[in-house]
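Trainee: I would like a close look at one part of this protein rather than a tour of everything. Could you take one sheet and what packs around it, and then say how that part sits among the others?

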Amino acid sequence: MSFSRTTRSDLSNLGRRKRSSRQPFLPEECPYPSPEPDPGGRPTYGGRRSSATSLLAVAGLTQNDWMTLGEWNRHTMSQSEFTADHQGKTVVLKGEEPTTELVLFARGFLLVNRPEARFLYRADGMWLAVRMERHRGRGDQQDHALVTASQVALPQGITKREIDVLTLVSVGLTNIEIAERLGTSPRTVSTQIERLLQKLDQRGRAGLAAMAVDSNLLALPVSGGVDGVAPIAAVGLEKFARMLSRNPERVRALAALPAIRRPILLGTLASLSGNATDDGEEHVRGSALAVEEISTNGGIAGRPLEHIVADADIFNPTDVRAAMQRLIDSGVDAITTNYISAENPFILDMAADYGRPFLHLDTFEQHVELVRSHPDRYWMIYQTCPSEKYYAMAFRRFLQELESSRTYAPSNRQVAVVEMDSPSAHITGNGFEEALSTVGWSVSSTQSAPFRQTDWRRIARKISESQPDVVLVAHFIPDEIALFHRLLREHDFTGLVHYVYGASIPRFKDVLGPLADGAVWSSVTTRTDSASASRFQRNYLLRYGVEPGPAQASAAYDQVQLLAWSWARNGSTVPAGTCKVLREEIHRGLNGIYYFGDGGQSPLSYPDGTADPTVGQPLITSQIQDGRSVILSPSLFGSMNRLQLPGR
C-alpha cells in the first residue's frame, strides 16, 4: 500500500463532485464566532453554551437536535478524504492518511460493486462516519473508491457495546451467538437489545436491523469477524477486505491446526489492477459467491471454505509473480484464476512446483499441449474452458450459417482481421485463410493491435475505406475495442463486426450504450440456460446489484464448484486424489460440461470439438440487440434467423 498527498484540484481525472445536502459539515467552511463567557464561566458560541459538539451553535441546532438520527451523521467535527484503487494505492485529498484497515475496506468496497456504502468505524478512540463512493474518471479503465471519513458522536446516547450488538443483530445472529462473540452472557445481550429498542423507538429485532441499515449504524469491523453472517449493506465489503488482507500470523495459526479442523483455503489470482479489471472483478465475485454458498451449506465434510484473493496487474510480470507467491505462502489448497497465466506462462511452473490444483481460463492451446506432453510435471493444471483454436473453426461455421440462413447477402465475401498483439489472441494462423476459402471467403487485411499503443483511428479508417463484409476482432480489453467500435460507426462502416470474446464483457456495452447494438461476439465458455444458471444470476444480482456477464463470473463459480465436488468425492484435499477425480469424472456446471479426460485437461468444445453436447461446452455466438445478448449459434441454443442486419 502506498500513499501520496495532493489537493482535489490536482486530480482532474477524478472529476468534480457536487456537494449534496447530505455532505458532512466542514468546520473550515463556516468559522466559529468568537467565544464569549456565559455567567457560569463556560465559553459560548453566539450566546449558546459550548459542549463536546460545539458545532451545534454554528449549525443552529440544539443538543436534542444533534442527537437525532436525522442529523447525527451530517454534522461532524473533522473530516478526511482519500481515494483508493484495487491495489490499495491512495491519494489523500484532505486530512490525515487513512489507516491500513480503512484502505483495505475501500478495496473490498470496489469488489462489492455497490455505488455507495456507509458505516461506522472506530479509530484512535473516535467514531467515524465513513462514506465510500465508486468513481471512474474520464479516461480511466478502472474504478476508484472515494472515501470520506467524518468524526461523529453516536446518536441517542448509544454506547459502543450497543453499536456492536446492533450490528450483530442486523446480520442475523441470535442472542447466544452474539454473547459468544462479545464474551458476555445471553441475558446481558437481551438487556442491551431492550435498551436499543427504547432508544431507537422500535418494537422488535427486525425494526432494529432496518433502522441500523437505513441510518448507517452498522459498525466495521464486525465483532467476531464476518464468517457466518449475512453480507448485508456494508458488511459485504468487509468479507472481500478479509479475502484481500495479508495476515502472516493467521497463516501460521492455520498451518498449526490438524487438517480435519483447518478450513479449506481457496486462493484466487485476480487481475484487479491495470487494464483487465472488469473480468478480474467478475471472476472474484463469481468465486466468492460459490465459496459463500458452499460454506453456508456445511462446507466440505464439515470444513468451511476460506477465500484468499491476490491481486496483480495482468501486464506486469513482477506483480503477477509476487501475487502468485503470496497465495503459495498462504498454504492454499487450490488456486483459481482467469487468463492471467496466458500472459504470464511462468505461473504454470510455479503451480507445478507447488503441487496443488491450479484451474485457469487461459483459452490457450499451447498450454493444453504442454500438459498433454508433460503429464508428470503438470498433472495438477486444468484449463476450465476450451482453447482459442475453436474460435477460428466457429468463425468459419458462422460465415457458412450466415449465408445459409438467407438473412444476409454479402457483397464481397471479405474479412478484415484485427488481432491483439498477444499469443493467446492469435487465432488466424494454422490455415485460417485456407479454411475460409473453402466456404468462399477471403481475408482482405490483417491488422496487429499492440496493447495500449494501437492507432485505432487509423485502423478504423482503413477498414471503412475497403468496406469488407465482416470485421473479425480478437482483443479482450473492452475500453479499447469500444473505442474501435465507435470509430467504425463514425467512419460509416456498414458491415458486421464480430468480436472474439471481448464484447461479451459488460463494460463494452456500458461504454457504448446503444452504439453496442449490432455487435456480434463469440466465447468458448458461456453460461447456458438452466435452473441453476437462473438461480446464480438472481443471487449474483442480489449480492452485487448488477447482472453477471455471460462468461467470466459463472466460469469462476464453476471452478470453485469443481474443486468442492472433487474434494468431496475424494474425501480430502489431498492433491493427487482431488486431481484424479477432476480427470476421470464428468461435471455439469453453469457454463456447460466439464470433461478433462482427453490428456490436455481442457474441456471439449461443442460443436467443433465434439458433436455430442453432453460432453462439451458450447461455443456460443451472440449479437447485442437492444442492450441484451441474443444467441445466434449453435442451432441447439439459438438461431441465425435472429440476426439483425447492419445498414448498408
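Mentor: What follows starts with one sheet, moves to a residue inside it and the helices beside it, and then turns to other parts.

The model is a predicted one. It has 23 helices and 26 strands, and 57% of its 648 residues are buried. Taking contacts between residues at least 6 apart in sequence, 66% join residues at least 24 apart.

The part to look at is an open sheet of seven strands, in the order S17-S16-S18-S19-S20-S25-S26, with mixed pairing. Its edge strands are S17 (442-449) and S26 (628-633), each of which pairs on one side only. On average, neighbouring strands in this sheet are turned by 25° against each other, direction ignored.

Within the sheet, find strand S18 (residues 470-474) and its partner S19. These two pair in the parallel sense over five bridges. One pair of residues is worth finding on the screen: Leu472 has His498 in S19 as its bridge partner.

Stay with His498 for a moment. This residue is found in strand S19, which covers residues 496-500. Is His498 buried or exposed? Its relative accessible area is 3%, so His498 counts as buried. What does His498 touch, apart from its neighbours within four places in sequence? The contacts are Phe395, Phe398, Val470, Val471, Leu472, Val473, Val520, Ser522 and Thr621. Leu472 therefore appears twice in this account, as a contact of His498 and as its bridge partner.

Next, the helices against this sheet. Helix H16 (residues 389-404) lies across S16 (414-420), S18, S19, S20 (520-523), S25 (620-625) and S26, and runs at about 155° to S19. Helix H19 also packs on the sheet, where it touches S16, S18 and S19. The direction of H19 makes about 175° with that of S19.

H19 has a helix partner as well. Two packed helices are described by the angle between their axes and the distance between the axes. For H18 (residues 456-466) and H19 (residues 478-490), the axes come within 9 Å and cross at roughly 40°. H18 and H19 are therefore oblique to each other, and their crossing is right-handed. On the H18 side the contact involves Trp456, Arg457, Ile459, Ala460, Ile463 and Ser464; on the H19 side it involves Glu480, Leu483, Phe484, Leu487, Leu488 and Glu490. By class, the residues of this contact are eight nonpolar, one polar and three charged.

Another helix pair can be read in the same way. Helix H4 (residues 160-170) and helix H5 (residues 175-182) pack at an angle of about 135°, with their axes 10 Å apart. H4 and H5 are therefore oblique to each other, and the crossing is right-handed. H4 contributes Arg161, Asp164, Val165, Leu168 and Val169 to the contact, and H5 contributes Ile178, Arg181 and Leu182. This contact of H4 with H5 has five nonpolar, no polar and three charged residues.

The protein also has an open sheet of five strands, in the order S12-S11-S13-S14-S15, and its pairing is parallel. The edge strands here are S12 (305-313) and S15 (381-383), each pairing on one side only. Neighbouring strands of this sheet are turned by 20° against each other on average, direction ignored.

Although S12 is an edge strand, nine of its nine residues are buried, so S12 is largely enclosed by the rest of the structure. Both of its faces are covered: Leu305, His307, Val309, Asp311 and Asp313 are buried on one side, and Glu306, Ile308, Ala310 and Ala312 on the other. Strand S11 (residues 264-273) runs parallel to S12, and eight bridges join them. Ile264 has Leu305 in S12 as its bridge partner. At the other edge, three bridges join S14 (residues 358-360) to S15, again in parallel. There, Leu359 stands opposite Tyr382 in S15.

For an antiparallel pair, turn to strand S5 (residues 79-84) and S6, which pair over four bridges. Thr83 has Val91 in S6 as its bridge partner. S5 and S6 form a hairpin with five residues between them, and Gly88 in the turn has a positive phi of about 90°. Four of the five residues of S6 (residues 90-94) are buried, so this strand is largely enclosed by the rest of the structure.

Definitions and conventions
Residues are numbered from 1 along each chain as its sequence is written. This is a predicted model: local features need pLDDT of at least 70, side-chain atom pairs count only at pLDDT 80 or more; totals for chains, interfaces and linings use all residues. Side-chain values use heavy atoms; hydrogens and water are left out. Axes are lines fitted to C-alpha atoms, for helices over the stretch in contact, and angles run from 0 to 180 degrees between N-to-C directions. Angles under 35 degrees count as roughly parallel, over 145 as roughly antiparallel, 65 to 115 as roughly perpendicular and the rest as oblique. A crossing is left-handed if the near helix is turned anticlockwise from the far one by less than a right angle, and right-handed if clockwise. Contact means heavy atoms within 4.5 Å. Ala, Val, Leu, Ile, Met, Phe, Trp, Tyr, Cys and Pro count as nonpolar, Asp, Glu, Lys and Arg as charged, and the others, Gly among them, as polar. Two strands pair if DSSP finds at least two bridges between them. Buried means under 20% relative accessible area, exposed over 50%, partly exposed in between (1.4 Å probe, protein chains only).
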